[in-house]
Amino acid sequence: MSKKYDKLGNDVFNKVEKINSELFTLTYGALVTQLIKDYEDIEQVNIKLEQMGYNIGIRLIEEFLAKSGIGRCSDFIETAEVIAKVGFKMFLGINAHVGDWDADRKEFHLTIEDNPLIDFVELPEQYKHKLYYSNILCGVIRGALEMVQMKVKCTFVKCTLSDDTTSEIKVVLEEVLSDMIPVGYD
Amino acid sequence: MSDPLSNPTINTTNVGGQTTTQNIIGGIGSGKSNSVGTPYTTPLQTSAHTAANSLSATNSPIPTHHMINSNSSNNLSGMATPGGPGLQQQQQQQQQSTISSNNLGLLGQQSQQQQQTILSPITTQPKSISASCFEFFYIEMIDCIMKSSSDKQHAHKKLDKLGFKVGHRLVERLSLDTALFPELLDSVKFICKVFWAMVFKKTIDGLKTNHKGVFVLTDSKFQWLQHLSFDSSASNKDCSEYVQFTAGLIKGAMSNFGFKCIVTFDIQQVSTCVFTIKIES
């Protein structure tokens with residue numbers, strides 16, 4: 001299954017319009033700096049970044065579904081693979097790995113390689129383990145999955161900027177939202 | 001450049017004629033002009049972009065010049081054939097008259113040689129992301145800045161500052177292996193071509209100057225306004241916040257070249273943006 005999505009991810013990424021990642025990296029960096037200035041409290045910055053990600057995610061899912069042509073996933077395991085192999089590849093051009101499943105298959109860790117957001121970045125000592133620099137990614141995953149009826153919680157558990165060896169996002173499936181029929185629709 | 005036949009043809013024609021020849025040539029040798037227009041994205045180019053590049057080459061002797069070196073015979077036949085792919089656009093583009101002085105054209109060629117040298121290191125590390133990914137983020141960033149500022153003016157100032165920082169750093173990376181520019185115009189041309197190509201995957205469509213420190217850059221298909229929906233009944237029709245960041249980018253880039261300047265912009269029609277750079281002495 002993983003192989004299949006690997007290939008699909010590559011194919012889709014080759015198809016989409018691309019730009020040099022440096023513009024994105026630098027702009028993101030400038031924005032985070034601005035947020036830290038505006039909010040003072042680091043926790044607030046994390047929340048704000050997550051929120052921004054959420055807003056992106058709810059719009060990005062549409063493009064994702066349209067460009068990748070992926071249909072409904074049979075289970076959460078497949079969803080995880082699709083996010084890692086197709087989602088990350090298609091938008092950021094990077095590979096992510098799924099691992100550390102819990103017994104219920106409702107929680108997994110997403111390991112991100114070569115995150116373009118953190119190129120050129122070095123966190124000052126006082127922000128390490130406090131600021132989740134790439135927290136926007138958590139929001140994107142949450143927003144996108146919510147649009148396909150999955151309520152998840154994403155948190156950064158490890159970040160290379162805070163001297164960890166890898167960057168890892170923990171994704172927990174909280175509930176599967178039921179398909180609600182809009183009011184007044186028969 | 002050493003080709004005695006084609007070189008004068010390009011450099012001595014008047015503005016209109018020049019536009020025509022270049023458009024045609026750009027269209028014909030698309031594969032090649034591609035690699036000059038947007039060097040670092042070359043492997044990823046699709047045919048749609050190829051067309052865009054040939055259109056946007058209006059004011060640049062650069063792609064042409066490069067072409068001439070490689071396959072001049074093709075070019076000559078190309079010039080004789082009226083109606084290359086770029087021709088339809090020519091009427092539209094003619095009004096955005098380009099720098100016509102021969103002198104400037106030559107300068108451009110010099111800077112092209114410098115640009116050529118920087119192509120290789122960038123092509124070797126083509127780290128790229130999906131363009132839509134950046135645009136999603138960009139929209140959200142503007143929204144975030146607008147909401148976190150007390151008024152519009154304040155927000156614009158912030159966006160300008162953000163753009164300045166990014167532009168300053170971006171140009172530093174871009175011009176790593178470029179020799180110092182001898183003239184102000186070369187710096188502006190670098191922004192019009194290399195810098196613009198990196199950010200928007202196209203070059204500036206028109207560059208005008210009064211030779212006294214004022215430059216007018218026209219982008220007739222401004223990327224960051226392309227995907228905004230326009231609601232004629234909406235009260236807020238002004239989308240200047242989506243352009244302000246770019247003004248900052250230009251300012252930052254110019255400051256890295258050692259020029260302090262004021263950048264103003266004007267949104268015309270649907271997605272045409274006109275930037276005015278005024279150098280402060």
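**Exercises: where chain B meets chain A**

In this predicted model, Ile19(A) stands opposite Ile129(B) in β1(B).

**Exercise 1.** Find how β1(B) is joined to chain A, and in which direction the strands run.

*Solution.* Start from the facing pair, Ile19(A) and Ile129(B). Ile19(A) belongs with strand β1 of chain A, residues 18–20. Three bridges join that strand to β1(B). The two run antiparallel.

**Exercise 2.** Describe the side of chain B that touches chain A: how many residues, from which elements, of what character?

*Solution.* Count contacts, with C-beta atoms within 7 Å as the cut-off. 27 residues of chain B contact 27 residues of chain A. Next, assign elements. β1 (128–130), α9 (131–148), α10 (152–174) and α11 (184–200) of chain B each supply at least two residues. α9(B) gives the most, with 10 residues. Last, sort by character: 15 nonpolar, five polar and seven charged.

**Exercise 3.** Examine α9(B): what is its span, which residues are buried, and what covers them?

*Solution.* α9(B) has 18 residues and reaches 26 Å from first C-alpha to last, close to the 26 Å expected. Its buried residues include Phe134(B), Phe137(B), Met141(B) and Ile145(B). The cover comes from both chains: it includes β1, α2, α3 and α4 of chain A, along with β1 and α10 of chain B.

**Exercise 4.** Locate Phe195(B) in the largest nonpolar core and list what Phe195(B) touches.

*Solution.* The core has 93 residues. Phe195(B) is among those with the most contacts inside it, with Ile141(A), Ile250(B) and Ile277(B). α11(B) gives the most to this core, with 11 residues. Leave out residues up to four places away in sequence: Phe195(B) then touches Val171(B), Leu174(B), Phe190(B) and Ala253(B).

Key
Residues numbered from 1 in each chain as written. Chains lettered and ligands numbered in written order. Predicted model: local features only at pLDDT ≥ 70, side-chain atom pairs only at ≥ 80, totals over all residues. Contact = placed C-beta atoms within 7 Å. Helix = DSSP H or I, 4+ residues; strand = E, 2+ residues; numbered from the N terminus. Nonpolar A, V, L, I, M, F, W, Y, C, P; charged D, E, K, R; others polar. Pairing = 2+ DSSP bridges. Expected span 1.5 Å × (residues − 1). Buried ≥ 20, exposed ≤ 12 C-beta atoms within 10 Å, placed from the backbone. Core = buried A, V, L, I, M, F, W, Y, C linked by C-beta atoms within 7 Å.
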